[in-house]
Amino acid sequence: MAAAPSAANAADGCNQNTAKTARSTSVWSRTIELRANTNNVCGWGRISNGDPGDLVWVDRSYDGGAHWEQLSITTIPTNSRTTFTAAYNDQGHLMRACGKAGNRPEVACTGWW
């Protein structure tokens with residue numbers, strides 16, 4: 001597991017205002033999405049239809065998916081069913097979103113984008 005990026009790397013001029021779903025998958029009725037803002041070349045993860053304690057994160061690869069760094073492991077908070085990771089610059093990189101139900105071992109990842 002890679003160390004979390006610094007705040008400067010995570011910010012990277014990214015915003016989540018004009019988003020589309022680039023890739024999606026599901027695990028245990030949870031929807032895991034890689035969201036993208038192509039205007040700002042940014043990507044982030046979202047998990048929905050989940051429970052508090054479920055996890056979502058993004059992976060970013062510099063070599064076509066052979067190796068990657070795991071970024072922004074985020075937990076659905078109490079009284080919510082959805083959460084987002086921080087947004088990261090994806091220009092020149094591949095990204096995917098991964099997640100899991102908090103009470104299950106299975107991890108699901110979207111395809112690379």
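**A buried arginine and the strands around it**

Arg96 is buried, with a relative accessible area of 13%. The cut-off explains the label: buried means under 20%, so 13% qualifies. This residue is our way into the structure, which is a predicted model.

Where does Arg96 sit? Arg96 is found in strand 8. Now look at what touches it. Leaving aside neighbours within four places in sequence, Arg96 is in contact with Leu34, Trp57, Val58, Asp59 and Trp68. Cys109, Thr110, Gly111 and Trp112 are also in contact with Arg96. Next, find Trp113. Arg96 and Trp113 are 17 residues apart along the chain. Their C-alpha atoms are separated by 6.3 Å.

Step back to the whole chain. It holds one helix and nine strands. Read along the sequence, the pattern is α-β-β-β-β-β-β-β-β-β. The chain has 113 residues, and buried residues make up 42% of them. About 5,700 Å² of the chain is exposed, and carbon and sulfur atoms supply 47% of that area. Take the contacts between residues at least 6 apart in sequence. Of these, 56% join residues at least 24 apart.

How far can the model be trusted? The mean pLDDT of the chain is 87. Of its residues, 87% reach 70 or more. Among the elements, strand 9 has the highest mean pLDDT, at 98. Helix 1, residues 7-11, has the lowest, at 42. Over residues 1-11 the pLDDT is below 50. Beyond near neighbours in sequence, this stretch has 10 contacts in the model. Where pLDDT is low, the predicted coordinates should not be read in detail.

Now return to strand 8 and its sheet. Four strands form an open sheet in the order 5-4-8-9, with antiparallel pairing. Which strands stand at the edges? They are strand 5 (69-75) and strand 9. Each has a single partner strand, so one side of each is left without a neighbour in the sheet. Strand 4, residues 55-61, pairs with strand 5 in the antiparallel sense over five bridges. You can pick out one facing pair there: Arg60 stands opposite Glu69 in strand 5. In a regular strand the side chains alternate between the two faces of the sheet.

Strand 8 also carries a cysteine. The structure holds one disulfide. Its partners are Cys98 and Cys109, with their sulfur atoms 2.0 Å apart. The pair links distant parts of the chain: Cys98 is in strand 8 (residues 94-100) and Cys109 is in strand 9 (residues 108-109), 11 residues apart. A disulfide is a covalent bond between the sulfur atoms of two cysteines. The link of Cys98 and Cys109 is right-handed, with 110° about the S-S bond. Is each cysteine buried or partly exposed? Cys98 counts as buried at 1% relative accessibility. Cys109 is partly exposed, with a relative accessible area of 30%.

Turn next to strands 1, 2 and 3. Strand 1 and strand 2 pair in the antiparallel sense over seven bridges. They form a hairpin with two residues between them. Trp28, in the turn, has a positive phi of about 45°. Across the hairpin, Arg23 stands opposite Leu34 in strand 2. Thr21 also lies in strand 1. At 35% relative accessibility, Thr21 counts as partly exposed. Leaving aside neighbours within four places in sequence, Thr21 is in contact with Glu33, Leu34 and Arg35. The C-alpha atoms of Thr21 and Ile32 are separated by 9.9 Å, and these residues are 11 apart along the chain.

Strand 2 has another partner. Strand 2 and strand 3 (residues 42-48) pair in the antiparallel sense over seven bridges. There, Arg35 stands opposite Trp44 in strand 3. Strand 2 is mostly covered: seven of its eight residues are buried.

Finally, look inside. In soluble globular proteins, nonpolar side chains tend to be buried together. The largest nonpolar core here has 14 residues. Ile32, Leu34, Ile47, Val58, Tyr88, Met95 and Ala97 touch the most other members. Which elements give two or more residues to this core? They are strand 1 (20-27), strand 2 (30-37), strand 4 and strand 8. Strand 2 gives the most, with three residues. Two of the core residues named above, Leu34 and Val58, bring us back to the start: both are in contact with Arg96.

How values were computed: Residues are numbered from 1 along each chain as its sequence is written. This is a predicted model: local features need pLDDT of at least 70, side-chain atom pairs count only at pLDDT 80 or more; totals for chains, interfaces and linings use all residues. Side-chain values use heavy atoms; hydrogens and water are left out. A disulfide is a pair of cysteine sulfur atoms within 2.5 Å. Buried means under 20% relative accessible area, exposed over 50%, partly exposed in between (1.4 Å probe, protein chains only). Contact means heavy atoms within 4.5 Å. Accessible areas come from the Shrake-Rupley method with a 1.4 Å probe; for residues, only the protein chains shown count as cover. pLDDT is the predictor's confidence in each residue, from 0 to 100. Two strands pair if DSSP finds at least two bridges between them. A nonpolar core is a set of buried Ala, Val, Leu, Ile, Met, Phe, Trp, Tyr and Cys residues joined through side-chain atoms within 4.5 Å.
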